[in-house]
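Reader: I should like to go through this model one element at a time. Please show the sequence and the structure before we begin.

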Amino acid sequence: LDKKVRQNNLEENSFINYKKMSENLAIVRSRLNRPLTFAEKILYSHLDDPHGQDIERGVSYLKLRPDRVAMQDATAQMAILQFISSGIPSVRAPSSVHCDHLIEAQVGGAQDLDRAVSVNKEVYDFLSSACAKYNIGFWKPGSGIIHQTVLEWLAFPGGLLIGTDSHTPNAGGLSMAAIGVGGADAVDVMAGLPWELKAPKVIGVNLTGKLNGWTAPKDIILKVAGILTVKGGTGSIVEYFGSGLDSISCTGMATVCNMGAEIGATTSLFPFGDRQYDFLAATNRKHVGDFAREYAKELRADEGAEYDQLIEINLSELEPHINGPFTPDLATPISKFSEAVKANGWPEELKVALIGSCTNSSYEDMSRGASIARDALAHGLKAKSTFLVTPGSEQIRATIARDGQLQTFEEFGGVVLANACGPCIGQWDRRDVKKGEKNSIVSSYNRNFTGRNDANPATHAFVASPDLVVAMSIAGTLHFNPLTDKLKDKDGNEFLLAPPSGDSLPAKGYDPGQNTYQAPPPNRDAVSVQVSPSSDRLQLLSPFNAWDGKDALDCPILIKAQGKTTTDHISAAGAWLKYRGHLDNISNNCLIGAINSANGEANKVKNQTTGQWDAVPAVARDYKAKGIKWVVIGDWNYGEGSSREHAALEPRHLGGLAIITRSFARIHETNLKKQGMLPLTFSDPADYDRIQPDDRVDILCTELAPGKPVTMRVHPKDGSPYEVKLSHTFNEGQIEWFKNGSALNTMAKMAQN
Ligand code: F3S
């Protein structure tokens, strides 16, 4: 294992370190003395301190050293802005940025791409110049979707990747532990700090039998989602194994891993085998495959490894499924689907059928879909529904253009969109139905929550394999089951569609298409990062002020939030996505969704200095302008939802000092600490009820020390002052973050020294 093998063909100096990984594993094995699951092997082989690390599944927090970072263009903006302000000259882990989220589908690939390049010019210019400056690989708009590019070019078996996007686990199809994180985590890893993850539990899925006929890899995860539901994978890695793996392609396994995000799983994994080797060889990475074969015994679970939960699926009996509407875990087998449509009154006409996305746009998916379209064309039929195709990568687009599948889709009546997320992330200028009009669409994508694709809450979105999506588009109705229902050809004769077929890898090899990759230049000193001072979408970050060393006295309560306060309530998404790279502008959404306990309303709080009622961000800005530090009082599990760092950056930017709650969602709590705020919890949760929105509070910051409570003196509007104890989870290092003003300031200080 003591060889220098490159991770990929693009980066000269990124190597696969199986030697170190196997040494780490040997240390952990000698401590745990039990067989390990594959998921555990990848994580434990990346431990920062394999000797000292506590290891208990579902309990300990692991400190890990990921091999790579991947970021998509929406989340990369703030991550890179933060990295820049750390003052570190170059990323300390191989990193890449992928432009895929900002391209709106309107008329078709080439024109949509041109429009996006001009509309998003300042964002792309910023990302491309910052990537060049800080040694990050940059995939230009048109390259394809982050997870496809990672799979086709960057992933390697046994590696650990973090990505600032929920569907990062796609690379599990290539036996890599790939985990979706927030931007703040990406910044840590790029800055060379270890990354923390609660040691996941492991759910085993034993696949037996053989995929056949109309059943596709997608149906495995649609079935698993039905069993585990959208919450069932939380805190767990889902690991697949069993004799059934032989009938699934590497890209099919990636589809299964990709959609593990829909059950909340930390990530999903398939062991390394011939399918992965073949995919690596087909994508010009035979050297990676050969090296992985030498390390193969650690690229699967040990004999006798134990799982926290075990699921059995016989692929020979697995039916195609359709999941939805409105949630990906409402799984219905195709044989029962027509009945379910009637019983639930779902709109029967299929308006739009969409294939592609990061979940399902492999060569195999496109080939199988095209085989169905060709069958229809041979019978004189085309798609009755609107039919849209998003190729997952430029390489796939070029290869299916060369091999004919793309022309088949066009002949079939389809429109081929840009290599990008498009309608999957709501970048879809849909015009065939009005907002509010009930209608059905079926896609091979992964998420189908209300309004996700077209911002129409009345759209019933279903997810299925690309095979079913293509077949149903021919009939134009949700009642069509291609396994049993006949279609009428152009002469009125009935026929049954043939089951789909297609190669998993292109016989003539992949055609890489246009070169859309920008490697960092050799001389990076000469590069300057482009941010226009007049931009409303991008703003360089200024470091937050360090703590003044004093207790904070007489602080107003900006809002006493009641009930659920998720990261969406704290920093809304939707139209605000546009401002993800501009902290001051996006701060205008700060806490606008939180419910004020004083009036039961959102975004209406009393300015304690003027007595006027106003929007939350406006009041916060007024306090800040007057030099007044403020606090937020929150309820249980404050900050649940996502790892969005904006939810912590915004209150800090607007002058907040402390968020005091009954309890925190852990990731948000850490994010607040990183931004130099004080996340504190009532030692006695009943104290939440004693505090009134008009009270003033003193926070005795000088008491902050690991494991000791902090005192809050409350000055009620009417009545005598009293003291409340606040707990916290700060350790020594994190207290430095508070003192220096943020984790980044601390890093910058270290970088200077
Ligand atoms: Fe993009 Fe949709 Fe995948 S938004 S990254 S295609 S889940």
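Reader: In which sense do strand β29 and strand β30 pair?

Author: This is a predicted model, in which local features need pLDDT of at least 70, side-chain atom pairs count only at pLDDT 80 or more, and totals for chains, interfaces and linings use all residues. Residues are numbered from 1 along each chain as its sequence is written. Strands are DSSP runs of E with at least two residues, helices are runs of H or I with at least four, and both are numbered from the N terminus; two strands pair if DSSP finds at least two bridges between them. Strand β29 covers residues 710-715 and strand β30 residues 722-727, with 5 bridges between them, and the sense of pairing is antiparallel.

Reader: Which residue in β30 stands opposite V714?

Author: Position 714 falls within strand β29, which spans residues 710-715. Across from V714, in β30, stands Y722.

Reader: How many strands form the closed barrel?

Author: The barrel runs β22-β25-β26-β27-β30-β29-β28, and its pairing is mixed. Within it, β22 and β25 run parallel, joined by 3 bridges, whereas β22 and strand β28 pair in the antiparallel sense. The number of strands in the closed barrel is 7.

Reader: Why is β22 described as largely enclosed?

Author: A residue is buried if 20 or more other C-beta atoms, placed from the backbone, lie within 10 Å of its own, exposed if 12 or fewer, and partly exposed in between. β22 is largely enclosed by the rest of the structure because the buried residues number 7 of the 9.

Reader: What is the bridge partner of K560 in β25?

Author: β22 spans residues 552-560 and is joined to β25 by 3 bridges. In β25, K560 has as its bridge partner I633.

Reader: How many residues of helix α9 are buried?

Author: Helix α9 comprises residues 250-258, and the buried ones include C250, M253 and C257. These buried residues pack against several elements, among them α6, α8 and α13, where contact means C-beta atoms, placed from the backbone, within 7 Å. The helix is largely enclosed by the rest of the structure, and the buried count is 9 of the 9.

Reader: From which domains does the shell around the ligand draw at least three residues each?

Author: The shell has 13 residues, with S357 and C358 among the closest; a residue is near the ligand if its C-beta atom, placed from the backbone, lies within 6 Å. Domain bounds come from an automatic or database domain assignment. The domains in question are domain 1 (18-201 + 277-302) and domain 2 (320-495).

Terms used: Contact = placed C-beta atoms within 7 Å. Axes fitted to C-alpha atoms, helices over the stretch in contact; angles between N-to-C directions.
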